[in-house]
Amino acid sequence: MKIFDAFKKKKEMRVISVFNQKGGVGKTTTVVNLASALGFNKKKVLVIDMDPQGNSTSGLGVEEPEVTIYDVLTHEKEINDTIIHTKSKNVDLIPANADLCGLEIELLSVDKKEYLLKEELPKIPENYDFIIIDCPPSLSVLSINSLVSSHSVLIPIQCEYYALEGVSQLMNTVNIIRKGLNPELEIEGVLLTMYDSRNNLSEDVKNETENYFKDKLFDTVIPRNIRLAEAPSFGESIIYYDKNSKGAIAYLSLAKELIKNRRK
Ligand SMILES: Nc1ncnc2c1ncn2[C@@H]1O[C@H](COP(=O)(O)OP(=O)(O)O)[C@@H](O)[C@H]1O
Ligand SMILES: [Mg+2]
């Protein structure tokens, strides 16, 4: 019985890729602020920045990191030696910078290059509740490594004209990964971002997305909120930059939804 209890208590680490091959849809904004909101709710979170632009790295207040995910993927560094604390409570980070740009070419002749990240994750001490991966806006080896390593994918969709353009390609990618490299990959949820309640278009996109994704759509919708766009230039998540803003309230609500889904 005791052994069983101990087993039950062992934390289950949930690895989530935030992915959409379109740029500018709110992936990085979601990674930084969802991670911070989960941390605020006492969940231990590790963010892995897999985008050479390093926006979630700077968004979490880390400038010019000395070691990055590049060093992990090229076996220059032990993964645990690249994890750093951020000023967001309970949020750690494996940073990225422009070094990652050349990785695709450097890996051309490497075997099993889709599994480089997945092979490293078991070395991480199991005290994280969530690992959240920021993917680049492309279907590169970096995105594939992320999706192969993940339990699930969280898909941000921007409320704009042609919002669902590219979604079938995205779902196609997810299905290809499922058929081959990672049959377990689930859809964590689809998140509407930059929703503007004064605009009919946002409502149209919401209805369309609901029809397409049904119950996979998160109840939480992220509003267009200038404070969310400002926060990164201060290296702060919205939770610390302006806790009472609409953006902060929305990401705290998303964090609650994610935690609740895990308990189901
Ligand atoms: N809800 C929002 N309200 C206002 N601006 C936003 C919101 N979400 C993202 N942005 C801004 O839109 C731009 C693109 O967002 P970002 O998260 O970097 O997208 P991605 O990572 O998908 O490329 C950034 O300048 C960001 O500050
Ligand atoms: Mg980004």
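The following paragraphs describe the surroundings of ligand 1, three helices and two loop residues in a predicted model.

Ligand 1 is surrounded by 14 residues, of which Gly-24, Thr-28, Thr-29, Pro-223 and Asn-225 come nearest. By class, this shell consists of six nonpolar, six polar and two charged residues. Two helices, helix 2 (27–40) and helix 10 (226–230), each supply at least two residues of the shell. The most is given by helix 2, which provides three residues.

Polar contacts to ligand 1 involve both backbone and side-chain atoms of the protein. A polar backbone atom of Gly-24 is placed 2.7 Å from an oxygen atom of ligand 1. An oxygen atom of the ligand also lies 2.9 Å from a polar side-chain atom of Lys-27. A nitrogen atom of ligand 1, in turn, is 2.8 Å from a backbone N or O atom of Pro-223. Taken alone, ligand 1 exposes 560 Å², and the protein buries 78% of that area.

Helix 10, which contributes to the shell around ligand 1, also contains Arg-227. The relative accessible area of Arg-227 is 28%, a value between the limits of 20% for buried and 50% for exposed residues, and Arg-227 is therefore classed as partly exposed. Along the chain, Arg-227 and Ser-237 are 10 residues apart, and their C-alpha atoms are separated by 9.9 Å.

Helix 9 comprises the 14 residues 200–213. At 1.5 Å a residue, a helix of this number of residues should span 20 Å, and the end C-alpha atoms of helix 9 are indeed 20 Å apart, so the expected and computed values agree. Ser-202, Val-205, Thr-209 and Phe-213 are buried in this helix. These four residues lie on the same side of helix 9, because they cover an arc of only 60 degrees around the axis. Asn-200 and Asn-211, by contrast, are exposed on the other side of helix 9.

A further residue of helix 9 is Asn-207. Asn-207 has a relative accessibility of 35% and therefore counts as partly exposed. In sequence, Asn-207 is 36 residues from Met-171, while the C-alpha atoms of the two residues are 19 Å apart in space.

Helix 7, formed by residues 141–149, is mostly covered, with eight of its nine residues buried. The buried residues are Val-141, Leu-142, Ser-143, Asn-145, Ser-146, Leu-147, Val-148 and Ser-149.

Positive phi values in residues other than glycine occur at Lys-42 and Tyr-162. For Lys-42, phi is near 70 degrees. Lys-42 belongs to the loop between helix 2 and strand 2 (45–49). With a relative accessibility of 71%, over the 50% limit, Lys-42 counts as exposed. For Tyr-162, phi is about 60 degrees. Tyr-162 is located in the loop between strand 6 (152–158) and helix 8 (167–179). The relative accessible area of Tyr-162 is 63%, and this residue is therefore exposed.

Key. Residues numbered from 1 in each chain as written. Chains lettered and ligands numbered in written order. Predicted model: local features only at pLDDT ≥ 70, side-chain atom pairs only at ≥ 80, totals over all residues. Heavy atoms only, no water. Near = heavy atom within 4 Å. Polar contact = N/O pair within 3.5 Å; in protein donor to acceptor, adjacent residues only side chain to side chain. Areas by Shrake-Rupley, 256 points an atom, 1.4 Å probe, with all protein chains shown as cover. Nonpolar A, V, L, I, M, F, W, Y, C, P; charged D, E, K, R; others polar. Expected span 1.5 Å × (residues − 1). Buried < 20%, exposed > 50% of the residue type's maximum accessible area, 1.4 Å probe, protein only. Arc of directions from axis to C-beta.
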